Amino acid sequence: MHTPTPEQQQPPSTAPAAVPPKQRRHLYLWAVAAAIVTAIIAVPIGYWILHDDGADAFPMSGTISLNGSSTTFGTPTGFDCVGDDGYDDLDANSGVSVRDASGTLIAKGAMTGSSKAGGYCVLSFLVPDVPTGNNYYLLELSHRGELSFTEDEAQEPISLSLG
């Protein structure tokens with residue numbers, strides 16, 4: 001049996017083979033093309049993230065609690081109750097509007113649901129895209145008259161009641 005010498009026992013070299021110049025040029029071109037494609041995709045996405053139009057708007061949401069005058073008869077899905085008697089304008093079809101200080105309509109929303117709690121019918125509303133930057137906002141549910149809120153107040157859930 002033959003015993004290998006120390007030089008013969010060393011593993012073969014793992015150094016990469018030299019890349020011919022023509023293949024290096026192709027690798028370089030592929031790397032440049034990949035960088036260009038990445039820039040074409042990433043720059044617009046980055047711009048969109050930094051300049052998202054949604055950042056200039058906020059959702060205005062809240063509830064209105066009706067004491068007493070409500071019904072559970074014939075309510076649509078998602079609504080456990082709606083207004084009745086003198087409050088029958090407050091239901092799933094009630095309009096919700098937001099105006100700026102000059103009275104210009106700037107956003108519209110809707111009633112989103114309701115629940116019955118004791119003697120109260122609590123209707124929820126949402127106006128999804130209220131523009132920022134106004135001194136105050138005029139909120140109106142149905143035809144109930146406008147209520148004024150500062151921007152900070154309008155960005156918090158609003159709690160109203162009738163009756």
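How many bridges join strand E1 to strand E6? Keep that question in mind while you open the model, which is predicted.

**Stop 1: strands E1 and E6**

Select residues 57-67, which form strand E1, and residues 120-131, which form strand E6. The answer is ten bridges, and the two strands run antiparallel. To see one pairing in detail, pick Ser65 and look across to E6, where its bridge partner is Val122. Strands of a sheet pair through backbone hydrogen bonds, either parallel or antiparallel.

**Stop 2: strand E9**

Keep E1 selected and add residues 158-162, which are strand E9. E1 and E9 run parallel and are joined by five bridges. Here, choose Thr63: its bridge partner in E9 is Ser159.

**Stop 3: the whole sheet**

Now show the open sheet of seven strands. Read across it, the order is E8-E7-E4-E5-E6-E1-E9, and the pairing is mixed. Which strands are at the edges? They are E8 and E9, each of which pairs on one side only. On average, neighbouring strands of this sheet are turned by 25° against each other, with direction ignored.

**Stop 4: strands E4 and E5**

Select strand E5, residues 105-117, together with E4. Five bridges join these two strands, which run antiparallel. Find Arg99 and look at what stands opposite in E5: the residue there is Leu105. Leave Arg99 selected for the next stop.

**Stop 5: Arg99 and Glu146**

Side chains of opposite charge can pair when their charged atoms come close. The structure holds two salt bridges. One of them is between Glu146 and Arg99, with the closest N and O atoms 3.5 Å apart. Glu146 lies in strand E8 and Arg99 in strand E4, so this pair ties together parts that are 47 residues apart in sequence. Colour by accessibility and check both residues: Glu146 is partly exposed, at 39% relative accessible area, and Arg99 is also partly exposed, at 25%.

**Stop 6: Arg144 and Asp89**

Which residue forms a salt bridge with Arg144? Select Asp89, and look for the closest N and O atoms of the pair, 2.6 Å apart. Arg144 is in the loop between strand E7 (136-141) and strand E8 (146-150), while Asp89 is in the loop between strand E3 (82-83) and strand E4 (95-99), so the pair ties together parts that are 55 residues apart in sequence. Is Asp89 buried or exposed? Asp89 counts as buried because its relative accessibility is 15%, and the cut-off for buried is under 20%. Arg144 is partly exposed, with a relative accessible area of 32%.

Note on methods: Residues numbered from 1 in each chain as written. Predicted model: local features only at pLDDT ≥ 70, side-chain atom pairs only at ≥ 80, totals over all residues. Heavy atoms only, no water. Pairing = 2+ DSSP bridges. Helix = DSSP H or I, 4+ residues; strand = E, 2+ residues; numbered from the N terminus. Salt bridge = Lys/Arg side-chain N within 4 Å of Asp/Glu carboxyl O. Buried < 20%, exposed > 50% of the residue type's maximum accessible area, 1.4 Å probe, protein only. Axes fitted to C-alpha atoms, helices over the stretch in contact; angles between N-to-C directions.
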